[in-house]
Amino acid sequence: MTGRLIVFEGVEGGGKTTQIARSQQWLEESGWLEFLQTKGYIQGVAQTREPGGTSLGQALRQVLLNDDGAEPLDDRAELLLYAADRAQHVEGYLRPLLATGTLILCDRYTDSTVAYQGYGRQLDLSLIDQLNHIATNGLHSDLTLWFDLPVELGLARTRQRGASDRMEQADITFHQRVQQGFQVLAHQFPQRIVRIDASQPEAMVAAQVQDILHTYLSQWYAPLP
């Protein structure tokens, strides 16, 4: 069995969480999941997220995303908390599941740290690369789906949902820098990052995702008979 790590990335309001749920549903309804399990290629499919993919991560997520106004979170402290969440997530969740042949759909991973803390917070990129390497112990995504849409549209979508978290509350220039970070990463790593036009209606975005997943699953395993 061979597990795979598929990561969903992008700025706020891109629809990652929705598309992860739709992707799992598509895997089940399309016959892909049954086929891969029957052939012994994978054991199953799982959803997870960063921060918050473990018990420790859930506590860290509250600190990172909830703004109680009691004490501003220093940018470097933020970076280190994300690294701690990732280290626990990789060793306590991702690697064990991958070893048993699980297809993992993950909401954010290392690229978010580069984009948000590197470009958004303007922290040292080489330091972030080192921390990502330490936290992941070399575990990279097999495929990263980048949900690309104008920052203004994404933030408007988050406002429609109601209360905003600490990241969503940052000013527009911060989010524009984050978007630039994802653009740079997509240019640097075209072999694993695939762009999704997330400005389209949800069903059209889902169709893009499913086409890409079908292509990669066929490459990794085998096509449906």
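In the predicted model, a salt bridge joins E202 to R22, with the closest N and O atoms 2.9 Å apart. Because E202 belongs to helix α9 and R22 to helix α1, the pair ties together parts of the chain that are 180 residues apart in sequence. Neither partner is classed as buried: E202 is partly exposed, with a relative accessible area of 43%, and R22 is likewise partly exposed, at 29%.

This contact is one of 13 salt bridges found in a search of the whole structure. Side chains of opposite charge can pair when their charged atoms come close. A further example is formed by R121 and E78, whose closest N and O atoms are 2.9 Å apart. The R121–E78 pair also links distant parts of the chain, as R121 is placed in the loop between α5 and α6 and E78 in helix α4, 43 residues away. Both R121 and E78 are buried. These two residues participate, together with D75 and R166, in a network of salt bridges.

The side chains of D148 and R195 form another salt bridge, with an N to O distance of 2.7 Å. Here the link runs between two strands, D148 being in β4 and R195 in β5, with their positions 47 residues apart in sequence. The two partners are assigned to separate exposure classes: D148 has a relative accessibility of 11% and counts as buried because this value is under 20%, whereas R195 is partly exposed, with a relative accessible area of 46%.

The analysis of pockets begins with the largest one, which has a volume of about 890 Å³. Its lining comprises 42 residues, and those closest to the pocket centre are K16, T17, D107, R108 and R161. Two or more lining residues are given by each of α1 (16-30), β2 (44-49), α3 (55-65), α4 (75-99), α5 (110-120), α7 (151-161) and α9 (202-220). Helix α1 supplies the largest share, 5 residues. In terms of residue class, the lining of the largest pocket consists of 13 nonpolar, 15 polar and 14 charged residues.

The second largest pocket has a volume of about 380 Å³. A total of 18 residues line this pocket, with V114, D129, N132, F189 and R192 nearest its centre. The elements that contribute two or more residues to this lining are α5, α6 (125-136) and α8 (172-188), and α6 provides the largest share, 5 residues. The lining of the second largest pocket divides into 8 nonpolar, 7 polar and 3 charged residues.

Helix α5, which gives residues to the lining of the largest pocket and to that of the second largest pocket, is mostly covered, with 11 of its 11 residues buried. Among the buried residues of α5 are T110, D111, V114, Y116 and Y119. The elements that cover the buried residues of this helix include β1 (4-10), α4, α6, β4 (143-148), α8 and β5 (193-197). Just after α5, Q122 adopts a positive phi of about 65°.

In soluble globular proteins, nonpolar side chains tend to be buried together. The largest nonpolar core of the model contains 50 residues, of which I6, L27, L103, L143, L145 and L217 touch the most other members. Helix α9 gives the most to this core, with 7 residues. When residues up to four places away in sequence are not counted, I6 touches L103, I104, L105, C106, L143, L145, L213 and W220. Another core, of 9 residues, lies apart from the largest one and includes V7, L98, I104 and Y109.

A further set of contacts involves T54, a residue of the loop between β2 and α3. T54 is buried, with a relative accessible area of 11%. Although T54 and G92 are 38 residues apart in sequence, their C-alpha atoms are 7.5 Å apart in space. Beyond residues up to four places away in sequence, T54 touches Q88, H89 and Y93.

Notes: Residues numbered from 1 in each chain as written. Predicted model: local features only at pLDDT ≥ 70, side-chain atom pairs only at ≥ 80, totals over all residues. Heavy atoms only, no water. 1 Å grid on protein atoms, 1.4 Å probe; cavity = no way out; pocket = protein on both sides within 12 Å on 5 of 7 lines; lining within 4 Å. Points joined across faces, edges and corners; volume = space filled by probe spheres on them. Helix = DSSP H or I, 4+ residues; strand = E, 2+ residues; numbered from the N terminus. Nonpolar A, V, L, I, M, F, W, Y, C, P; charged D, E, K, R; others polar. Buried < 20%, exposed > 50% of the residue type's maximum accessible area, 1.4 Å probe, protein only. Contact = heavy atoms within 4.5 Å. Core = buried A, V, L, I, M, F, W, Y, C linked by side-chain atoms within 4.5 Å. Salt bridge = Lys/Arg side-chain N within 4 Å of Asp/Glu carboxyl O.
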